[in-house]
Amino acid sequence: MKRIAFTLVAVVAVAGIAALTACASGRADGEASLGIKLPPGYRDWRLISVAHEAGSLNDLRAVLGNDAAIETYRKETLPFPDGTIIARLAWSYVPSEENNKAFGREQSFVAGAPTNVQLMVKDSKKYAATGGWGFAQFKGGKPADEAALKGCFSCHEPAKANDFVFTHYAH
């Protein structure tokens, strides 16, 4: 009985030290610098829109939203409420040989390797300095460093009239 109690105390102590270490570093595994994690099941959220970004990014992207985001888009009411999360998933794009065979010419492109996932998380108090939005970016499930996030808000400032969100709902 003493051995079980000792083991239990040891496990609790190790867990406590791990939690304190994560708090002290400001980041836990898979957590971005603002404390934003990839939400469980985000890939199952509903589609807001899709896009092809040319230029230096040159990717395909799908923008997904949690229930709060979708409800706001559908009702066409702004601002987005606290708790809204918008996820942007991006991939390189590659020609589809299979599709091109069917079409008889090169015209089809499909998602290739994933490039990253970006999140916008609405919390008007926590992220008041950035329009109420927290920003995060993940590559391979790992958070980007703070330097990669420095330009997020300034990039979104031109969309202030749309609560700092570029993407419009694809009806």
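Leaving aside its neighbours within four places in sequence, which residues is Lys122 in contact with? Keep that question in mind while you get your bearings; the tour will come to it shortly.

**Before you start**

This is a predicted model, in which local features need pLDDT of at least 70 and side-chain atom pairs count only at pLDDT 80 or more, while totals for chains, interfaces and linings use all residues. Residues are numbered from 1 along each chain as its sequence is written, and side-chain values use heavy atoms, with hydrogens and water left out.

**Stop 1: the whole chain**

Show the protein as a cartoon and trace it from the N terminus. You will pass five helices and six strands, in the order α-β-β-α-β-α-β-β-β-α-α. Helices here are DSSP runs of H or I with at least four residues, and strands are runs of E with at least two, numbered from the N terminus. Of the 171 residues, 33% are buried. Buried means under 20% relative accessible area, exposed means over 50%, and partly exposed lies in between, with a 1.4 Å probe and protein chains only. Among contacts (heavy atoms within 4.5 Å) between residues at least 6 apart in sequence, 50% join residues at least 24 apart.

**Stop 2: Lys122**

Now select Lys122, in strand β4. Lys122 is buried, at 6% relative accessibility. Here is the answer to the opening question: beyond four places in sequence, Lys122 is in contact with Pro79, Phe80, Pro81, Asp82, Gly83, Thr84, Gly131, Gly132, Trp133 and Asp163. With Asp163 there is also a polar contact between the two side chains, at 2.7 Å. A polar contact is a pair of N or O atoms within 3.5 Å; within protein, one must be able to donate a hydrogen and the other to accept it, and residues adjacent in sequence count only if both atoms are side-chain atoms.

**Stop 3: the loop between α2 and β3**

Go from Lys122 to Pro79, one of its contacts. Pro79 is found in the loop between α2 (67-75) and β3. Look at the backbone here: the peptide bond from Leu78 to Pro79 is cis, with omega near 5°. Glu76 lies in this loop between α2 and β3 too. Glu76 has a positive phi of about 55° although it is not a glycine, and it is exposed, with a relative accessible area of 62%.

**Stop 4: the largest pocket**

Next, turn on a surface and look for the largest pocket, with a volume of about 590 Å³. Of the 25 residues lining it, Arg61, Arg88, Gln118, His156 and Phe166 are the closest to its centre. On a 1 Å grid over the protein atoms alone, a pocket is an open set of points where a 1.4 Å probe fits, with protein on both sides within 12 Å along at least five of seven lines, and lining residues have an atom within 4 Å of a point. Grid points are joined across faces, edges and corners, and the volume is the space filled by probe spheres set on the points.

Which element gives the most to this lining? That is β1, with four residues.

**Stop 5: Arg61, at the pocket**

Select Arg61, in strand β2. Arg61 is buried, with a relative accessible area of 15%. Its side chain makes a polar contact with the side chain of Asp59, at 3.0 Å. Not counting residues up to four places away in sequence, Arg61 touches Ser49, Val50, Ala51, Glu53, Arg88, Leu89, Ala90 and Trp91.

**Stop 6: His156 and Phe164**

Another residue to pick from the pocket is His156, in helix α5. His156 is buried, at 14% relative accessible area. Beyond four places in sequence, His156 touches Met120, Phe135, Phe164 and Phe166. Draw a distance from its C-alpha atom to that of Trp133: the two, 23 residues apart along the chain, are separated by 9.9 Å.

Then move to Phe164, in the segment after α5. Phe164 has a positive phi of about 70° although it is not a glycine, and it is buried, with a relative accessible area of 9%.

**Last stop: the cysteines**

How many disulfides does the structure hold? The structure holds zero disulfides, a disulfide being a pair of cysteine sulfur atoms within 2.5 Å. For Cys152, the nearest cysteine sulfur is that of Cys155, 7.7 Å away. Cys152 is buried, with a relative accessible area of 18%, whereas Cys155 is partly exposed, at 48%.
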